[in-house]
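Please open the structure in a viewer and keep the sequence panel visible. The tour below proposes one selection after another and states what is to be found at each stop.

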Amino acid sequence: MSTELMITSEQTTWSDKQLSALRSIGCETQSKADMAVFFNYCVRTGLDPFARQIYFISRGGKPTIQASIDGFRVIAQRSGEYA
């Protein structure tokens with residue numbers, strides 16, 4: 001994965017390159033406010049949207065944030081109880 005897409009500890013919002021990449025993988029219709037919320041979720045959970053661990057999708061016309069199976073595996077590994 002390209003390091004220019006990684007979320008760094010100094011970031012407070014998406015970079016232009018990150019936004020461009022997110023828009024190309026399905027976030028093209030989300031508002032700036034929705035993308036700010038998504039950024040916060042990614043930082044809080046430590047899940048990486050560029051590694052397909054977390055998604056911002058529309059379900060029934062409403063935006064929702066959803067972890068993928070890979071994201072759940074990352075969370076399980078962090079718990080120390082993933083077997």
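How far apart are the mean positions of the 9 positive and 8 negative charges of the protein? The two mean positions are separated by 6 Å. Please bear in mind throughout that this is a predicted model.

**The whole chain**

Begin with the entire protein, shown as a cartoon. Three helices and two strands can be identified, and from the N terminus on they follow the order α-α-β-β-α. The radius of gyration is 13 Å, close to the 12 Å given by the globule rule for 83 residues, so the protein is as compact as a globular protein of that length. Viewed along the principal axes, the C-alpha atoms occupy a box of roughly 40 × 35 × 20 Å.

Next, switch to a surface display. The accessible surface amounts to about 5,600 Å², and carbon and sulfur atoms account for 53% of this surface. Of the 83 residues, 27% are buried. If contacts are drawn between residues at least 6 apart in sequence, 40% of them link residues at least 24 apart.

**Helix H1**

Select arginine 23, a residue of helix H1. Is arginine 23 buried, exposed or partly exposed? Its relative accessible area is 29%, and arginine 23 is therefore partly exposed. When residues up to four places away in sequence are set aside, arginine 23 touches Glu28, Gln30 and Met35.

Move along to glycine 26, which also belongs to helix H1. This glycine has a relative accessible area of 34% and is thus partly exposed. To gauge a distance across the model, select tyrosine 41 as well: glycine 26 and tyrosine 41 are 15 residues apart in sequence, and 17 Å lies between their C-alpha atoms.

**The loop between H1 and H2**

Select glutamine 30, which sits in the loop connecting helix H1 (16-27) with helix H2 (32-45). A relative accessibility of 7% places glutamine 30 among the buried residues. Which residues surround glutamine 30, apart from its neighbours within four places in sequence? They are Arg23, Met35, Phe56, Ser58 and Pro63. Arg23 has already been visited on this tour, where its contact with Gln30 was listed.

**The cysteines**

Now display the cysteine side chains. How many disulfides does a search of the whole structure find? The search finds zero. Cysteine 27 takes part in no disulfide, and the nearest cysteine sulfur, in cysteine 42, is 8.7 Å away. A disulfide is a covalent bond between the sulfur atoms of two cysteines. For cysteine 42, the closest cysteine sulfur is that of cysteine 27, and the 8.7 Å between them is too far for a bond; a disulfide would require the sulfur atoms to be within 2.5 Å. Cysteine 27 is buried, at a relative accessible area of 4%, and cysteine 42 is buried as well, at 2%.

**Helix H2 and the loop after it**

Select arginine 44, located in helix H2. With a relative accessible area of 60%, arginine 44 is exposed. Add isoleucine 54 to the selection: it lies ten residues from arginine 44 along the chain, with 12 Å between the two C-alpha atoms.

Proceed to arginine 52, in the loop between H2 and strand S1 (54-59). What is the phi of arginine 52? The value is near 60°, which is positive although the residue is not a glycine. Most residues other than glycine have a negative phi. Arginine 52 is partly exposed, at 38% relative accessibility.

The final selection is glutamine 53, which is likewise placed in the loop between H2 and S1. Is glutamine 53 buried or exposed? Its relative accessible area is 15%, so glutamine 53 is buried. Apart from neighbours within four places in sequence, its contacts include Gly46, Leu47 and Asp48. Further along the chain, glutamine 53 is also in contact with Ala67, Ser68, Asp70, Gly71 and Val74. Showing these residues as sticks around glutamine 53 concludes the tour.

How values were computed
Residues are numbered from 1 along each chain as its sequence is written. This is a predicted model: local features need pLDDT of at least 70, side-chain atom pairs count only at pLDDT 80 or more; totals for chains, interfaces and linings use all residues. Side-chain values use heavy atoms; hydrogens and water are left out. Helices (H or I, at least four residues) and strands (E, at least two) are DSSP runs, numbered from the N terminus. Buried means under 20% relative accessible area, exposed over 50%, partly exposed in between (1.4 Å probe, protein chains only). Contact means heavy atoms within 4.5 Å. The radius of gyration is taken over C-alpha atoms; the globule rule is 2.2 Å times the number of residues to the power 0.38. Accessible areas come from the Shrake-Rupley method with a 1.4 Å probe; for residues, only the protein chains shown count as cover. Lys and Arg count as positive and Asp and Glu as negative; His and the chain ends are not counted. The place of a charge is taken as NZ of Lys, CZ of Arg, CG of Asp or CD of Glu.
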